[in-house]
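Me: Could you take a close look at one helix in this structure for me? I'd like to know how it sits among its neighbours.

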Amino acid sequence: MSQLLRLATAGSVDDGKSTLIGRLLYDSKAIFEDQLEAVERTSAARGDEHANLALLTDGLRAEREQGITIDVAHRYFATPKRKFIIADTPGHAQYTRNMVTGASTADVALILVDARNGIVEQTRRHAFLSTLLGIPHLVVCVNKMDLVGWSKDRFDEIREEFRQFAMKLNVGDLTFIPVSALLGDNIVDRSTNMAWYEGSALLHHLEQLHIASDHNLIDARLAVQYVIRPQRQTDADLHDFRGYAGTVASGVFAPGDDVVVLPSGFASTVKAIWGPGGRPLDEAFAPSAVTVELADDIDVSRGDMLCRPNNRPHVGHELDALVCWFTDQSTLAAGSRYILRHSTRESKAVVASLDYRLDVNTLHRDEAAPSLGLNEIGRVQLRTQQPMLFDPYRHNRTTGSFILVDEATNNTVAAGMITAPTQKATNVVWHEAAVRREDRATQGRTVWLTGLSGSGKSTVAVELERRLVASGTAAYLLDGDNLRHGLNADLGFSAEDRAENVRRVGQVARLLADAGLVAIVSVISPYQAERDRIRDLHVEAGLPFTEVFVDTPLEVCESRDPKHLYAKARAGEITDFTGIDAPYEKPTNPDLVLRPEDGDPRALAQAILDSLQG
Ligand SMILES: Nc1ncnc2c1ncn2[C@@H]1O[C@H](COP(=O)(O)OS(=O)(=O)O)[C@@H](OP(=O)(O)O)[C@H]1O
Ligand SMILES: Nc1ncnc2c1ncn2[C@@H]1O[C@H](COP(=O)(O)OP(=O)(O)O)[C@@H](O)[C@H]1O
C-alpha cells in the first residue's frame with residue numbers, strides 16, 4: 001500500500017491556498033468530473049480567464065460554516081505513488097487553534113507566501129506553529145511568481161529572509177519552491193517559466209518525501225483503552241481470555257517481547273497480538289489498533305500503559321507544557337483547575353504557574369502575562385491528581401500531548417504539548433537580568449560540530465574561531481577534549497557520562513551565546529536526543545543554533561588516527577570507543593554537512609561562515 005502523507009496548509013488570506021489545493025486536486029486528476037465542470041461553468045460565467053480553482057475548495061467552506069469540523073477541512077487525493085490527506089486550516093490571525101487541531105498529526109506543513117508581499121506576520125506565525133507541533137517537513141511555496149515576472153532574485157530574497165527567521169526555530173527539513181498556483185507552474189509539472197529553478201515541482205516533492213523515519217519506532221508505548229474479557233465459551237477454555245486493546249502510540253510490539261505495565265510496574269511477556277478482525281500479528285507498529293495478550297495474569301486496567309522494561313515514559317504528577325488556549329469564554333491562569341486528558345487516562349489538574357505567554361509573531365515571552373486568552377500560547381506548570389505516563393512531545397506526538405477540559409461545561413479549552421517533566425530544582429527562583437539581550441553590543445549564537453573522533457571537528461572549529469575573531473566577531477571555542485580536563489574531568493565515556501558531558505557543554509554554550517559570543521562547540525555528541533535537547537535549549541532562549549555534521553567516514557577517521565585511539569580501541573585497550581564499540585547516531589537534520597571531499601579544513605570553516613551569513 002502506498003504510504004499516506006498528511007499535509008497541513010497554512011497561509012494568510014489571499015496567498016492562494018485554496019487555489020493551490022485546487023490545483024493539486026485538478027492537475028492530479030483527483031477531482032470529480034462534475035465538480036470540475038461546475039467550476040469551469042462558474043468561472044466562465046464570472047468572466048474569469050482561468051478556471052477559478054479556489055471555487056473547488058470554497059465548497060468546503062460551506063461545510064465548515066455548518067460547524068462540521070473545527071474549521072479544519074480535510075481533502076483526500078491520490079496519485080499512483082502516494083495517498084494524501086490535506087488539512088486546510090484558515091489563515092486568519094486568530095485561527096491558531098485550528099492550526100493546532102488540524103495540523104497536529106501532519107507530516108508536512110505547506111506554507112504559502114505571496115511573492116509580492118514576501119514574509120508577513122502570518123508566515124512567521126505558521127512556521128512557528130508548525131515547528132511547535134513537531135511537523136517534520138516544511139515546504140514554503142513562494143506563490144504568484146507570475147506576478148513578479150518569474151524573478152529568481154525575488155525568490156532568493158524571500159528564501160533568505162525565511163531562513164533567517166527559521167534559524168531561531170527547530171525546523172527539521174525545509175524546502176522552498178517557487179510556484180504559480182493559478183497557472184500551475186511547479187505544482188505538478190516543472191515550470192518552463194522558471195528554468196533557473198532546479199528543484200522538484202511540488203507534487204513530485206511530496207510524492208518523494210521520506211517520512212518513514214519520522215515515526216518513532218524506538219519507544220514502544222501502548223495505552224490500554226479497554227480490557228477484553230469475554231465469557232468462557234466452552235469447558236475446553238481453561239482460562240478466560242484476557243486481552244488489552246489500544247492503539248500503538250509508537251515503537252514496535254511483538255510476541256515474546258518483555259513488557260512492563262505502568263504505573264503498577266508489573267512485568268510480563270507478550271503472548272500474542274491480535275489485529276483487526278482477530279488476525280494474529282507478528283508485529284504491531286503505530287498507529288495500529290490491536291489487542292495484546294500477556295503471558296501472565298496480572299492486573300491491567302484502562303489507562304495503564306504497556307512499554308518495554310528498559311524504555312519507559314516519565315511517570316509523574318508534574319508537567320511542564322506549552323498550551324494553546326481555545327476559548328473566549330474563560331482564560332487560563334495560575335490556580336485554574338481542569339480535567340486533563342492524556343492518552344487513555346484522565347485526571348484533575350491544577351495550573352501551578354503560568355511561566356510566560358508567547359507572542360507567536362515575535363517569539364517574545366511575556367513573563368508578566370497574568371492569563372492566556374483565545375488562541376494564545378503559553379508555558380505552564382501543571383500538577384495532576386493521578387500520575388501521568390508521558391514523554392516529551394518532541395519525542396512522541398501521542399504520549400506528549402494532552403487536552404484540558406472544563407469541568408463545568410465539558411468543553412475542550414486547551415491543547416497541550418509536554419516539554420518535559422517539571423524540573424526537580426524547587427524553591428530556586430530565576431533572577432531576571434536588568435540588561436536585555438538586545439542591549440548587548442553583539443548577538444550570540446552557537447555552532448555545534450558533531451562527528452566521530454578524528455573527523456576533523458577540532459581542526460575546523462579552531463579555523464572557524466580564528467576567522468571569526470580575525471574579522472572582529474567575538475567567538476569562543478569549547479572543545480570536548482579540553483573541557484574534559486576541567487569542567488568535565490569527573491566524566492568518562494559511558495552513555496550516561498557522555499549525555500552529562502554534552503548537557504554541560506550545551507549549557508555553557510548557551511550562556512556564551514546569551515552573552516553575545518559565537519560559541520563554537522566541538523564534541524562527538526553521539527546521541528541525537530542529547531543534541532536535540534541542546535537545540536531546544538537554544539530555541540527556547542531565542543538563540544540561533546547551527547548543527548554541523550562533520551561527516552567523515554569511519555575508515556577515513558581510522559586511517560588518520562592522530563591520537564592512536566582507534567588502534568588502541570581495535571586492540572581492546574580502550575573500550576566504549578565511538579564508532580568501534582560505542583554508537584554514533586548520525587544527525588537526522590543537520591543544518592550543514594561537511595564531507596572530506598568538500599575541501600581542506602580552511603574551506604570547511606569558510607563553508608560554515610557562509611552558512612551563518614547566508
Ligand atoms: N572511548 C572513547 N570514545 C570516544 N572518544 C574518546 C574515548 N576515549 C577518549 N576519547 C577522546 O575524547 C574525545 C571525545 O570527547 P567528547 O567530549 O567529544 O565525547 S562525547 O561527546 O562525550 O562523546 C575524543 O576526541 P576527538 O578525537 O577530538 O573527538 C577522543 O580523543
Ligand atoms: N578536512 C580535512 N582533510 C584532511 N585532514 C583533516 C581534515 N580535517 C582534519 N584533518 C586531520 O584529521 C585529524 C583529526 O582531526 P581533529 O580535528 O583532531 O578531529 P576531531 O576533533 O574530530 O577528533 C588531524 O590530524 C587533522 O589534521
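Reply: Happy to help; here is a walk along α10 and its surroundings.

This is a predicted model, in which local features need pLDDT of at least 70, side-chain atom pairs count only at pLDDT 80 or more, and totals for chains, interfaces and linings use all residues. Residues are numbered from 1 along each chain as its sequence is written, while chains are lettered from A and ligands numbered from 1 in the order in which they are written.

α10 covers 495-514; helices here are DSSP runs of H or I with at least four residues, strands are runs of E with at least two, and both are numbered from the N terminus. At 1.5 Å a residue (times one less than the number of residues), its 20 residues should span 28 Å, and the end C-alpha atoms of α10 are indeed 28 Å apart.

Buried residues of α10 include R498, N501, V502, V505 and G506; buried means 20 or more other C-beta atoms within 10 Å of a residue's own, exposed means 12 or fewer, and C-beta atoms are placed from the backbone. Seen down the axis, the buried residues of α10 fall within an arc of 165° (taken from the directions from the helix axis to the C-beta atoms), so they line one face of the helix. The face turned away from that buried side carries the exposed E496 and Q507. Among the elements covering the buried residues are β22 (445-450), α9 and α11 (528-540), with contact meaning C-beta atoms within 7 Å.

α10 also gives the largest share of the shell around ligand 1, three residues. After the helix comes G516, with a positive phi near 105°.

Technical notes. Two residues are in contact if their C-beta atoms, placed from the backbone, lie within 7 Å.
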